[in-house]
Amino acid sequence: MNDQKVVIPLKRFLLIEQCPPEWKELDLYLFRDEAVVFYVGQSYLAFARVWEHLLSGFKGHSMTGRFVWCNWPKSMNFTIELLSSRSEEFGVVGNELNASERYLIQRWSPCFNLSLNNQPTPLPNAYLPPNAPFRRRQSLTMLIHEAERAVKADDTKHWLENMEW
């Protein structure tokens with residue numbers, strides 16, 4: 001069984017160019033915030049598929065990716081979860097990839113999964129829909145630089161909060 005699970009803020013995910021070797025077994029992924037799952041998907045390499053969504057979002061080929069960029073910079077705080085269909089959690093569906101994805105869709109009722117989802121969760125009012133115009137059209141490089149600055153600010157804040165005076 002592969003019970004590894006990765007939960008990472010999008011702003012940190014954007015700073016990882018190559019899939020870490022220990023993540024290569026992860027074949028399910030979620031885009032979410034603290035309260036709502038926006039999308040659940042599967043791929044034999046979930047890390048690469050998340051990147052495909054993000055890159056395709058600029059061209060409108062991925063609703064999920066477009067949603068991320070329409071809601072930038074708020075979306076920097078979204079969470080990416082990478083999971084393995086072979087984990088104990090998915091034993092109830094025989095650890096089969098398609099069944100594991102269905103299980104997650106039924107469990108979370110994601111906003112953008114329309115197939116296999118009887119009642120998709122309504123998109124929270126705090127977010128623009130994926131068909132909204134981009135507020136700031138920037139290059140991926142510029143967005144990654146913004147993510148780097150946000151991560152550095154988070155790390156500095158965490159360091160200061162944990163300093164002993």
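A residue counts as buried when its relative accessible area is under 20%. By that cut-off, buried residues make up 46% of the 165 residues in the protein you have open. Keep in mind on this tour that the model is predicted.

**Stop 1: the whole chain**

Start with the full view in cartoon style. You should find five helices and four strands. Followed from the N terminus, the elements run β-α-β-β-α-α-β-α-α. Turn the model along its principal axes, and the C-alpha atoms fill a box of roughly 50 × 40 × 30 Å. The radius of gyration is 16 Å, which agrees with the value near 15 Å for a compact globule of 165 residues. Of the contacts between residues at least 6 apart in sequence, 64% join residues at least 24 apart.

**Stop 2: the surface**

Now switch on the surface. Its accessible area comes to about 9200 Å², with 52% of that belonging to carbon and sulfur atoms. Colour by charge next: there are 18 positive and 19 negative charges, and their mean positions are 9 Å apart.

**Stop 3: the largest nonpolar core**

Hide the surface and select Phe13, Leu14, Phe31, Phe38, Leu54 and Leu82. In this core of 36 residues, these six touch the most other members. Many elements contribute: strands S1 (6-9), S2 (28-32), S3 (37-42) and S4 (79-83), along with helices H1 (10-13), H2 (46-57), H3 (63-70) and H5 (140-161), each supply at least two residues. Helix H2 gives the largest share, five residues.

Which residues does Leu54 contact, once its neighbours within four places in sequence are left aside? Show its surroundings and you will meet Leu10, Phe13, Leu14, Phe31, Gly65, Val68 and Trp69.

There is also a second, separate core, made of nine residues. Select Leu28, Leu30, Leu83 and Ile105, which are among them.

**Stop 4: Thr64**

Move on to helix H3 and pick Thr64. Is Thr64 buried or exposed? Its relative accessible area is 2%, so Thr64 is buried. To see what surrounds Thr64, display Phe31, Tyr39, His53 and Phe112, its contacts beyond the neighbours within four places in sequence. Phe31 may look familiar, as Leu54 is in contact with Phe31 too.

**Last stop: a long step to Lys157**

Finally, draw a distance from the C-alpha of Thr64 to the C-alpha of Lys157. The two residues are 93 apart in sequence, and the line between them spans 30 Å.

Definitions and conventions:
Residues numbered from 1 in each chain as written. Predicted model: local features only at pLDDT ≥ 70, side-chain atom pairs only at ≥ 80, totals over all residues. Heavy atoms only, no water. Rg over C-alpha atoms; globule rule 2.2 N^0.38 Å. Buried < 20%, exposed > 50% of the residue type's maximum accessible area, 1.4 Å probe, protein only. Contact = heavy atoms within 4.5 Å. Areas by Shrake-Rupley, 256 points an atom, 1.4 Å probe, with all protein chains shown as cover. Lys, Arg positive; Asp, Glu negative; His and termini not counted. Charge placed at Lys NZ, Arg CZ, Asp CG, Glu CD. Core = buried A, V, L, I, M, F, W, Y, C linked by side-chain atoms within 4.5 Å.
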